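Biologist: I should like to learn how to read a structural model of this kind. Could we proceed feature by feature, with the general idea before the particular case?

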Amino acid sequence: MRVLFIEVDTERSWAVASVGPAFLASVLRQHGHSVHFFRMTLDHTSNDVAEHVRSCGAELIGLSLTTRQWLRARQLAHDLREYFEIPVVAGGLHPTFSADDVLQTDGIDYACIGEGETAMLDLVHAIESGGSVAGIRNIQEKVGERPALRPPYSPIDSLPFVARDHLDEHQGVCHMTTQRGCPFPCTYCGARMYNQLYRGAETAYGRRRSIDNVMAELRQLKQSGKLSYVIFLDDTFTIHPTWVKEFCSIYREEIGAPFSLHARVETVNQQLLIELAGAGCSQITYGVESGSERIRHEVMKRPVTNQQFLDVFEWTRSAGISLTANFMLGLPEETPSDLQMTYDLAEELDVLDFGYFVFYPYPGTELFFLCQSKGYLPENYLDLPANHRESILCLPTLTNKVIGEYYDKFTNLRIKRYRDHFGIDIESQEFIAAKQAQDLAQTG
Ligand code: B12
Ligand code: SF4
């Protein structure tokens, strides 16, 4: 069967493309299906996408969706249905946790809940053979019950390497994932909700590829001459210190290309950072999120102190690794004085590269349910665009005006940092916004 995955862009600079379809594509190809990819950039209209659907002869369309992609994807699915009767399946974080809403849209026929590799294969076989889709685990139909879930894919090493033609990779910058799942309980995080989804399944959702398997993929990339930098997209690369140490020593010997990763301060120590730096780690992104220990501990379930951030940032710098820090503004129960603490911590951490985002309650997360139960979440939340600068919430402790003021303070801090470090004046807010998004797209 000819399957087309469409990536729906919502910002110019998020340019990696979803990793999920890149896994699905390689599994489908292994089974003889032909898989195509189309990126709907901000300049494309639904008509342009329809042209592509026609020219590639798609028989099934796959959409991979985070919540931010939902509004544009909903319109696209609706428009495509005006032209074709080609079945459309939506998967990814958003359909997983909002399947009923997603399936109410004209033009979306199926939602995939959770992991999609074998579910998509079964769906393709059913459609191709004219068989019934009912009863395919993980696939929810428009009308019908929530499907049973198959256990998380195991062993994870038996998955084929990702189809790299689905990723936007240039000049030898390659994206890698070495694991699925993150064990931490952060209440704002969409990713950790997979652990909840699969609670009680016969295989735990958290799985890490073996070092041999990851190295085999890296060697293949190196041999093809297409490897100059590796971006590890894993949620928290550093959760298994023994794995990481062993990986570092093999990577250093055999690959040696610089790489970046995401970590949590609780999962690193000075020695591990030195080993990572020795293997080529050139950049680490840490989520700081809030400078208020009350908000971090009580609202976000991140029991870490500000001093831990200061120590780890110092160790990271002294290991020679550059830092990116991410902050959130506008959390439930946050007050202006909490926001001030976040700003103060950002100043104290003295990071050149940082991202700052207004909190958005992703469906399925603990904070989503909290916002809903406390009446902070408007009923039409799925019709409201997620925006980095404004909250969709009605918070009793913060107004959008105050959140916006702090957002601007962060922007100004960024301008000041650039002026201090590079001696250049980057006054334009557009430049800052574009740089911020671009950096995050590079680092995930
Ligand atoms: C890598 C990454 C990125 C990359 C690539 C994006 C991508 N979509 O893959 C980049 C850097 C571009 C990125 C950007 C952003 N990201 Co991001 N990102 C991730 C991260 C860390 C890993 C994704 C990944 O590789 N997963 C591995 C694959 C294999 O898993 P998967 O995507 O879930 O796919 C499986 C199933 O869902 C299913 N499936 C997926 N798609 C489809 C499609 C079909 C048709 C089917 C049948 C099945 C199916 O099958 C797949 C294989 O089993 C996740 C965290 C996470 N662990 O999910 C956050 C995450 C997806 N990002 C998130 C966010 C918020 C963003 C940003 C908005 C960041 C921001 N600062 O605000 C931007 C904008 C992205 C956008 N377009 O909306 C949130 C999304 C929450 C939500 N509910 O929407 C997450 C969950 C992080 C979090 N902690 O909450 N991100
Ligand atoms: S550490 Fe990161 S990926 Fe893990 S649960 Fe917390 S926010 Fe999510």
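The dialogue below takes up the domains, the sheet, single strands, single residues and the ligands.

Biologist: What should I know about the model and its numbering before I begin?

Modeller: This is a predicted model, in which local features need pLDDT of at least 70 and side-chain atom pairs count only at pLDDT 80 or more, while totals for chains, interfaces and linings use all residues. Residues are numbered from 1 along each chain as its sequence is written, and chains are lettered from A and ligands numbered from 1 in the order in which they are written.

Biologist: Into which domains is the protein divided?

Modeller: Domain bounds come from an automatic or database domain assignment. Here the protein is divided into domain 1 (2-141) and domain 2 (169-443). Taken over C-alpha atoms, the centres of domain 1 and domain 2 are separated by 27 Å.

Biologist: How is a sheet read, and in what order do the six strands of the open sheet stand?

Modeller: Strands of a sheet pair through backbone hydrogen bonds, either parallel or antiparallel. Strands (E, at least two residues) and helices (H or I, at least four) are DSSP runs, numbered from the N terminus, and two strands pair if DSSP finds at least two bridges between them. In this open sheet the order is β2-β1-β3-β4-β5-β6, with mixed pairing. The edges are held by β2 (34-40) and β6 (139-141), each with a single partner strand, so one side of each is left without a neighbour in the sheet. From one strand to the next the twist averages 25°; for such angles, axes are lines fitted to C-alpha atoms, for helices over the stretch in contact, and angles run from 0 to 180 degrees between N-to-C directions.

Biologist: How many bridges join β1 to β2?

Modeller: Strand β1 (residues 2-8) and β2 run parallel and are joined by seven bridges. L4 stands opposite H36 in β2.

Biologist: How do I judge the surroundings of a single strand such as β4?

Modeller: A residue is buried if 20 or more other C-beta atoms lie within 10 Å of its own, exposed if 12 or fewer, and partly exposed in between, with C-beta atoms placed from the backbone. From β4 (residues 88-91), V88 and A90 point one way and V89 and G91 the other way, and all are buried. Four bridges join β4 to β3 (residues 60-64), and the two run parallel. G91 in β4 is the bridge partner of S64. The chain passes from β3 through helix α3 (residues 70-83) to β4 in a right-handed β-α-β crossover; right-handed means that, with the strands pointing away from the viewer, the path from the first strand over the helix to the second runs clockwise. With β5 (residues 110-112), β4 shares two bridges in the parallel sense, and V89 stands opposite Y110 there.

Biologist: Is β11 largely enclosed or left open, and what lies beside this strand?

Modeller: Five of the five residues of β11 (residues 259-263) are buried, so the strand is largely enclosed by the rest of the structure. Two bridges join β11 to β10 (residues 229-232), which runs parallel to it, and β10, helix α9 (residues 241-254) and β11 make a right-handed β-α-β unit. β11 also pairs with β12 (residues 281-289) in the parallel sense over five bridges. S260 stands opposite Q283 in β12.

Biologist: Is F368 buried or exposed?

Modeller: F368, in helix α14 (residues 366-373), has 22 C-beta neighbours inside 10 Å and therefore counts as buried. E141, in strand β6, counts as partly exposed because 16 C-beta neighbours lie inside 10 Å.

Biologist: Which residues come nearest to ligand 1?

Modeller: A residue is near a molecule or strand if its C-beta atom, placed from the backbone, lies within 6 Å of it. Of the 37 residues around ligand 1, G20, G62, G91, G116 and G190 come nearest. The largest share of this shell, five residues, comes from α1. Domain 1 and domain 2 both give residues to the shell, so ligand 1 lies between them.

Biologist: What surrounds ligand 2?

Modeller: Its shell consists of C182, F184, C186, C189, A191, R192, D235, T236, R264 and G287. For classes, Ala, Val, Leu, Ile, Met, Phe, Trp, Tyr, Cys and Pro count as nonpolar, Asp, Glu, Lys and Arg as charged, and the others, Gly among them, as polar. On this basis the shell around ligand 2 has five nonpolar, two polar and three charged residues.
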